[in-house]
Amino acid sequence: MEKSTGRKTRQLEVVWHEVADDNSHPTADQIYERVRRQIPNISLGTVYRNLQKLVTEGKLQVLTLGRTQHFDPLVGQHQHFICESCGRVYDVFVGEEEEILPSSLPRGGFTVTSHQLAFFGECKSCSG
């Protein structure tokens with residue numbers, strides 16, 4: 001069993017390599033299938049643990065859609081468009097100067113530190 005010593009393991013490096021430049025927002029199962037090509041005997045649990053470690057380290061963020069977690073290496077503030085037909089997830093960038101807060105919150109004594117916004121519809125491939 002892998003101890004959490006903070007050291008980089010081969011498994012962690014392979015998991016990170018498989019998701020680092022992937023803007024398709026893959027699920028743990030999809031990442032697991034890719035990692036198995038390089039480490040055939042790796043378990044799904046090990047992949048999950050390494051993904052969670054990368055999230056804790058701030059290298060990945062998690063987008064939860066229904067009961068499924070998608071992993072995103074783009075950790076800066078951004079939003080997502082989710083195609084309701086094919087399920088693909090796209091990054092959407094809204095300018096930082098644009099306020100996307102419900103108008104009643106700032107006057108109601110709330111302090112907003114972050115927000116998460118998702119757009120749903122059909123992507124170009126599915127609608128055209």
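Mentor: Quick definition before we start: accessible areas here come from the Shrake-Rupley method with a 1.4 Å probe. Keep in mind, too, that this is a predicted model.

Trainee: Okay, so how much area does the chain expose, and what share of it do carbon and sulfur atoms supply?

Mentor: Taking the chain's surface as a whole, it exposes about 8600 Å². The share supplied by carbon and sulfur atoms is 49%.

Trainee: Which elements does the chain have, and in what order do they run?

Mentor: Counting them up, there are five helices and five strands. Read from the N terminus on, the order is α-α-α-β-β-β-β-α-β-α.

Trainee: What lies between β3 and β4, and which residue in the turn has a positive phi?

Mentor: Strand β3 covers residues 79-83 and β4 covers 89-92, and they pair in the antiparallel sense over four bridges. One of the partnerships puts Gln 79 with Val 92 in β4. The two strands form a hairpin with five residues between them, and the turn residue with a positive phi, about 85 degrees, is Gly 87.

Trainee: Is Cys 83 buried or exposed?

Mentor: Buried means under 20% relative accessible area. Cys 83 has just 2%, so the word for Cys 83 is buried.

Trainee: And how many disulfides are there?

Mentor: A pair of cysteine sulfurs has to be within 2.5 Å to count. The closest cysteine sulfur to that of Cys 83 belongs to Cys 86, and at 3.6 Å it's too far for a bond. Cys 123 is in no disulfide either, as its nearest cysteine sulfur, in Cys 83, is 3.7 Å away. The count comes to zero.

Definitions and conventions: Residues are numbered from 1 along each chain as its sequence is written. This is a predicted model: local features need pLDDT of at least 70, side-chain atom pairs count only at pLDDT 80 or more; totals for chains, interfaces and linings use all residues. Side-chain values use heavy atoms; hydrogens and water are left out. Buried means under 20% relative accessible area, exposed over 50%, partly exposed in between (1.4 Å probe, protein chains only). Two strands pair if DSSP finds at least two bridges between them.
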